Every structure is written in C-alpha cells, then in structure tokens.
Amino acid sequence: MYITDHLTQAVAAALTELYGISVDAATITLQETRREFAGDYTLVVFPYVKQARKSPETVAQEIGAHVAAHLAEVSGFNVVKGFLNFEIADSYWVRFLADTAADERFGLVVPAVDDAPVVVEYSSPNTNKPLHLGHVRNNLLGWSLSRLLEAAGANVKKVNLVNDRGIHICKSMLAWMRYGNGETPESTGIKGDHLVGKYYVEFDKHYKDEVKALMEKGMDEEQAKREAPLMVEAQQMLKRWEEGDKEVRALWEKMNGWVYAGFDETYHRLGVGFDKVYYESNTYLLGKELVQKGLDLGVLFRKEDGSVWCDLTADGLDQKLLLRRDGTSVYMTQDLGTALLRHNDFGAERLIYVVGNEQDYHFKVLKLILGKLGFSWADKVYHLSYGMVELPNGKMKSREGTVVDADDLIDEMEKTAEEMSREHGKNDELTDEERKHLYHILALGALKYFILKLDPTKKMLFNPAESIDFNGNTGPFIQYTHARIRSIVRRAGESGGLKNEEGSHAIELNDKERQVIKILHSLPTTVRQAAAAYSPALVANYAYDLAKAFNSFYQDTPILREVEPALKALRVNICISVANALRNTMDILGIEVPERM
RNA sequence: GGCCCUGUAGCUCAGCUGGAUAGAGCGAGAGUCUUCUAAACUCUAGGUCCUGCGUUCGAGUCGCAGCAGGGUCACCA
C-alpha cells in the first residue's frame, strides 16, 4: 500500500474524530504539492470548513496535527491558507526506492491471462493503396493501447480486419489490366502495396477524364460519374468477384498478395503485430441472419421496397439502412456480424475499436443496434476515436496525392537519425549491424513518441516541412537519458558496491533525489489512469517528466564519484530504478531503448 | 440545417475527477563540457486560457449563449 492511501485514510479518520464528518477515504483527493511550497502532498480543506465550522487555517492545522500524530511516515506539515501540506519522511522514500530498484518490471502488472480477453482491433487497412501517416497513427495507437492495457493487467488480443474486397480494389485491378503492361513488384522493383496504389491513382486519373468528356457532351455531373465506362466496368468486376468468377478472383488474389507482402514489411518496420487477422472477404456476408433476428424481435422493419431499416429516431438519430432493397448488406450489417463473431471467437470481456473520429456516428449506431438486438455486451464495445492527421493545408487525400507515405517517412527518419548520430560521433565502438539497429530504433523512437505523446482524441497537425525533432520533449531524449544511465549502471557493476549499505535508512535526501523518487513513486498510478483513459499520451508525458527530473539530478549530483558508500548505493539505485521505469514505459509506447548511443 | 468534436505563449502541445502566482518543447536571447555520455543542464523574454453571461468560498476546467475551425448526417466503406 502506498503512502497516499495511508494519508487519505488518516485524513478521513481525522475528519470523523475531530468534526464528526464521515467521508469515504476514496473520495479524498490529494495533490502533489507545488514546487514553490514545502511539502509532498497537499490536502485542500475548503470542502470541509463549512461542516467543521472553523476557519480554513484552523481546520488545516487540526487535521495536520491529527494525521502527523497517527502516521509515522508524516514527518511534518505546514499550512498556507486552506492548503495543508504534508511532508513525508525521507526514510519512506529510501525504503520505497530499495524495493523499486529490485523490481525489473516496476510499473507493469502481470497480465491476468486467464481473464476474458480485451480484444483490440486496429489497423484495418484497405488493400488498394499503401499506408500513410493516418494509418501510422492508428497502428501506433493500437499497438501502444494494447501494451498499456496489458501493463495494467488485462489479457489483450490484438486483431486486424483487412478490408480486402470492394469497389476500391476493383478500381486498382481494372487499371492494372488496362494500363499495367503486366508490371509486377519483381519486374519494377516497386513495393507491392505501392504498385497497387499506383494503379488506384491511375484509375482515378482516367476516370476523371472520362467524366469530363461526358460532361462536355452535355451530360450532368452525377450521371457522368455513374455512367463513365471505367466505373461501369469496375462495378461489373465487383459483381463478377461476388459471383466467384475465376479470372477476377485470380487477379484479385495476385494483387492482394502483393499488397500483403508490402504491408507486412511496413508493419514489421513499425514493430506492430496481431494475434488474429480477419479478412473482409470472409466476413462481409455476416450480419444478415442478425437482420432476420432483428425483424423477429421487432426492432427492425421492412419498407415497401423490401429494404430493411432500424429506426433510431427515439435515440435522437435517424433511420439506418441495414439491407438494401436487393437484399445485399451494407457496412453496418457486416460490422454487426463481425462484432458477434469476435465476441464469440474470444469470449471477449471488451471489444475495443481503434478507428478515426470520422466514424463516431457509425459506432454510436453500432452500439445502439447491438443493444436493440439483445446483446448484453453492447456496452462493452468501446470506440477509441482518434483525431485525424492533418497537414498545414488540410486533410490528407490518397487520390489527390496529398499524403505523407508511411514508408517514405520511416526512410527519412532513419536517414536523419543516422546523420544526427554521426554528428555526435559517440558510436565508434559499435558494429555496423548494431549501428544500423540504433538508427532504426532512434528513428522509430522519434516518430512514435511524436505521435503518441499527443492526446489520441485530438486532431494532429503534421508539417512535412519541419522535420520531427530529436531534441527536447522527444523519444530520443528519453532514449538518450536511458543510455546515459545504463552507462553508469554498467560502471557501478564493475566497481561493485550496488547493494544497500548499512545506515541507508538515515540518509537525508537532497531536493533533486527526492523529486526523482517521487516521480518514480507515481508510476503505478499513472499506468492505471492511462489505461482507464485509453491514453498512451499520459505514459509518454510521464516518461518525459521522469527523464527530465533525472537529468536535472544527474547534472549536479555525483553518483559514482560519491565517496560516502550508503549515498553512492542510493544514487545507483535511483539510476537502476529510473532506467527500468524508462524502459518499461517506453515499451508501453512500443519504443525500444538503447544501451548506448 | 440537426448532431458531435476542437479553440491555452510566435509554432506544436500538457494541464487528472473545479483549488495556491497557468506549464513544457521548439523558436528567440544569455550562460555551463580538464570531472559518471552537452541528443544534456541552468537562466531570461513571451499569456484578455476565443468572447460574454452564469454556478461556486474558488473556473483554463462545470452550465448556457455566441464566434471561429473540423467531422458527420449515403441503398460508400
């Protein structure tokens, strides 16, 4: 149990005994004392002064005295207006530090693998074009969220639902047949997903020309878009695909194969992966039987033309189509089906979807309809709605070429990492292999941290003209801090003298030491809160605060040069604990930390 | 137009369930490497927290109205 829990309980007891106020200790909130005041934790007493019928200062004094008398760890307190600042004895921090240094997994709860799993869906790409920065944000968030929930003790399963069929794929296929001259990734040396994406753009180009030509002949725009030969042919191709036409299916498999090979490479570079991959070509017919169930239950209705709808007007929304008049299903229908499939496949405790906020409405409707269909787990569906990635001049659009390509971006980051490392020139003793790996993890560290430190729910601005930083509040800053610490710990190991010395309980900490230890102390709470908020950003900001506090400590406190053995051991323990905490929090973000850099 | 989200320093962002004089990084200016890795550290400058009204002992945080920007309301996915 942590000191903060003891404190809230002691305060609750004081309130009862002094004023007869009964409050649940859990509702008492302490805040960390601001730097400019003496103390470690602060209680704001204003909420209790009315019932206590005394001045804020008096109430604070009385509670402070009562708690100090009952809690050995409280070494003192002071009162400023209605703020009661508790001072915690250094012996508490020293003992905490000794425990922490011995725990390699500090901050990480052991996942309960026997619990019903939390299923996280993320990535879910279309197979007609390569991944761009928007997908990168999705993938990094999905992976990191999974790690974060695991760190908080959940049994997590990561899934991907690949959107491998549909009109968009047919467009790429058709364009390749028309203009491709039999090009393959092998013949061109172009990565498979990029090659297919090239023909998606090619389709759009020719299609636009056709529409323009038709409009010049006097056709209105809507009709022209519908009747342009390429569009008609793509639609026919989709129909042939659904009928299982051999030729179309063979081409589809070939081109999707190229895309998968390309995606796998990008996933590998990003360091993300999945426990199970679903393909929409296998699941797109799911959900139809649910529609029948809904009709039987009377929560869905059929219109005169045969189409099936769900009436959500009572929930403040519109009517939602679930089956077209020709009996085919729409995206929502499939999603109902795949939700059920996934729930049954895993016996899931929670279903989390990492999907952009442009689909907020979709998920609102999905949850509502699942509920109406009688699934009790409908409220266990959670949409992690992340903000779009925007460029200085607006949203990214694949067809218009205004995208930041994922592979290009990673290439560029690795190049920058190499340049910066060479400039610093500290890696002479590394082999070429090690050096290459270092550039990679620094590049990805910068990229991942840049994306994950932001609140996931907010839109993100990316300016391609400004390269992603390696200094300041960045991934490499934290990686550097870790490498520097590891260097000290290695030397400490050589010279021996790691274990806690006699007399360490009597150590008086300096401000910098205490500050670092206090931040370490708050790691478990931070992980818990971050998991509850589905926000890796809280973990990223924690790691930064810790690294910053450590660097400040390191700057003006001797560690290995300290002659007093107990003090030296304590400081080495700070190093060990901070290194572990940085490694573990960076791991939650999917960022590797180097031993040297 | 209906519904949803966002608005904090020149730029990019923190600010937990309301609490003390609103914080970082970048950028600008000034310092610190004969000493454990200077990708670091220290200091300075920079704010009507979009506006107004309200709730409260107390509002960047909560409520209402307005302004600005974005998303979404497909027999697309």
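How many salt bridges are counted between domain 1 and domain 2? The count is one, and this tour of a predicted model begins with the two parts that it joins.

Start by colouring chain A by its domains, which are domain 1 (3-88), domain 2 (97-106 + 405-588), domain 3 (118-278 + 327-395) and domain 4 (288-326). Then keep domain 1 and domain 2 in view, whose centres, taken over C-alpha atoms, are separated by 34 Å.

Next, select lysine 518 and aspartate 40, whose side chains meet in a salt bridge with 2.9 Å from N to O. On the side of domain 1 that touches domain 2, the residues divide into two nonpolar, one polar and three charged. Around this place, six residues of domain 1 are in contact with five residues of domain 2, and the area buried between the two domains is about 440 Å², with carbon and sulfur atoms giving 41% of it.

Now move to RNA strand B, which is surrounded by 63 residues, the closest being Asp305, Lys426, Tyr480, Arg484 and Arg561. Select helix H21 (536-556), which gives the most to the surface near the RNA, with eight residues; that surface as a whole divides into 24 nonpolar, 18 polar and 21 charged residues.

Finally, look at single contacts with RNA strand B. A polar side-chain atom of tyrosine 480 lies 2.4 Å from a sugar or linking oxygen of the strand, while an N or O atom in the side chain of aspartate 318 is 2.6 Å from a sugar or linking oxygen. At leucine 560, select the backbone, where a polar atom is 3.0 Å from a base oxygen of RNA strand B.

Notes
Residues numbered from 1 in each chain as written. Chains lettered and ligands numbered in written order. Predicted model: local features only at pLDDT ≥ 70, side-chain atom pairs only at ≥ 80, totals over all residues. Heavy atoms only, no water. Domains from an automatic or database assignment. Contact = heavy atoms within 4.5 Å. Buried area = accessible area lost by both parts, 1.4 Å probe. Salt bridge = Lys/Arg side-chain N within 4 Å of Asp/Glu carboxyl O. Nonpolar A, V, L, I, M, F, W, Y, C, P; charged D, E, K, R; others polar. Near = heavy atom within 4 Å. Polar contact = N/O pair within 3.5 Å; in protein donor to acceptor, adjacent residues only side chain to side chain. Helix = DSSP H or I, 4+ residues; strand = E, 2+ residues; numbered from the N terminus.
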